[in-house]
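Here is a short briefing to read alongside the sequence and the coordinates. Have the viewer open and follow the topics in whatever order suits you.

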Amino acid sequence: MSVVKERFSQLVATMSPRDRWLFTGLVVMVYGSLLGGVWYFGNQMLRDARSRIDDNEQSYAMLSGLASDQVAGAADVERIEAELKRNSGTELSTFVEKAAQKTGIASGLQVRERDTADDGNLESKTFSVEVTKVTLQQVKDFLYELESTGYPLKVTGARFKTVTQTGVKMLNVSLDVTGYKLLEAIKESP
């Protein structure tokens, strides 16, 4: 190493002052470029690392939210399954007839099953419910009775027709009602 150092010193000593300035500028420029390159690539690596950290934090926040939604959803599923099992012993047609009796419209009631569908462990039956010559208040009371008692059903369609009976306006109502049951609960019931 000392030989290289001595040779370098002799080379610099034989240079003219202008060449020494140029050589010094070249050395400074090379060192500056190296330092600048190291700084640039280090900064780029740091930005990439920060970006990955931010992405991971966002993914973690999203997964935490999804986990809490899943826990809440599981609780909802258990509540709904308990509700379905609680009402598994009552047919939708029987429930509709009881609601019609409570609201005083049983005389004009007709309930007919239209179709049945199985979706995994859930059975849905669609019924056509027709009520003739009732007042608007009776229809409201009947719908409230259907919807508010907790029986697992959904009114999927409704048609109303006004009829006049002895000068009084009455309604003929046709409803499409779908009731739901767990197939496990159907198999367990006698």
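Is T166 buried or exposed? T166 is exposed, because its relative accessible area comes to 78%. Please keep in mind throughout that this is a predicted model. The points below go from the overall form to individual residues.

**Overall architecture**

- The protein has five helices and four strands, and their order along the sequence is α-α-α-β-β-α-β-β-α.
- With a radius of gyration of 41 Å, well over the 16 Å that the globule rule gives for 190 residues, the protein is more spread out than a compact globule.
- Along the principal axes, the C-alpha atoms take up a box of roughly 130 × 45 × 25 Å.
- A pair of leucines gives a feel for distance in this model: L26 and L183 are 157 residues apart in sequence, and their C-alpha atoms are 85 Å apart in space.
- L26 belongs to helix α2, which covers residues 17-86, and L26 is partly exposed, with a relative accessible area of 45%.

**Surface, burial and charge**

- Of the 190 residues in the protein, 23% are buried.
- The accessible surface amounts to about 13,800 Å², and carbon and sulfur atoms account for 58% of that area.
- There are 23 positive and 25 negative charges, and the mean positions of these two groups lie 7 Å apart.
- If you take the contacts between residues at least 6 apart in sequence, 61% of them join residues at least 24 apart.

**Where strands β2 and β4 meet: T126 and T178**

- T126 sits in strand β2, which runs over residues 122-134, while T178 is part of strand β4.
- The side chains of these two threonines, T126 and T178, make a polar contact of 3.3 Å.
- T126 counts as buried because its relative accessible area, 12%, is under the 20% cut-off.
- T178 is likewise under that cut-off, so it too is buried, with a relative accessible area of 7%.
- Beyond its neighbours within four places in sequence, T126 is in contact with R112, E113, R114, D115, V177 and T178.
- On the same basis, the contacts of T178 are L92, S124, K125, T126, P152, L153, K154 and T156.
- T178 can also be placed relative to S128: the two are 50 residues apart in sequence, with 8.9 Å between their C-alpha atoms.

**S174, elsewhere in strand β4**

- Strand β4 spans residues 168-182 and includes S174.
- S174 is buried, with a relative accessible area of 13%.
- Leaving out residues up to four places away in sequence, S174 touches V129, E130, G157, A158 and R159.

**T116 in strand β1**

- T116 lies in strand β1, residues 109-119, and is partly exposed, with a relative accessible area of 40%.
- Its side chain makes a polar contact of 2.7 Å with the side chain of E113.
- Setting aside residues up to four places away in sequence, T116 touches E123, S124 and K125.
- T116 and S174 are 58 residues apart along the chain, and 19 Å separates their C-alpha atoms.

**Positive phi values outside glycine**

- Which phi value does K133 have? The phi of K133 is near 50°, a positive value in a residue other than glycine.
- K133 belongs to strand β2, and is partly exposed, with a relative accessible area of 47%.
- T166 also has a positive phi, of about 50°, although it is not a glycine.
- Where is T166 placed? T166 is in the loop between β3 (153-165) and β4.
- To return to the opening question, T166 is exposed, with a relative accessible area of 78%.

Key. Residues numbered from 1 in each chain as written. Predicted model: local features only at pLDDT ≥ 70, side-chain atom pairs only at ≥ 80, totals over all residues. Heavy atoms only, no water. Helix = DSSP H or I, 4+ residues; strand = E, 2+ residues; numbered from the N terminus. Rg over C-alpha atoms; globule rule 2.2 N^0.38 Å. Buried < 20%, exposed > 50% of the residue type's maximum accessible area, 1.4 Å probe, protein only. Contact = heavy atoms within 4.5 Å. Areas by Shrake-Rupley, 256 points an atom, 1.4 Å probe, with all protein chains shown as cover. Lys, Arg positive; Asp, Glu negative; His and termini not counted. Charge placed at Lys NZ, Arg CZ, Asp CG, Glu CD. Polar contact = N/O pair within 3.5 Å; in protein donor to acceptor, adjacent residues only side chain to side chain.
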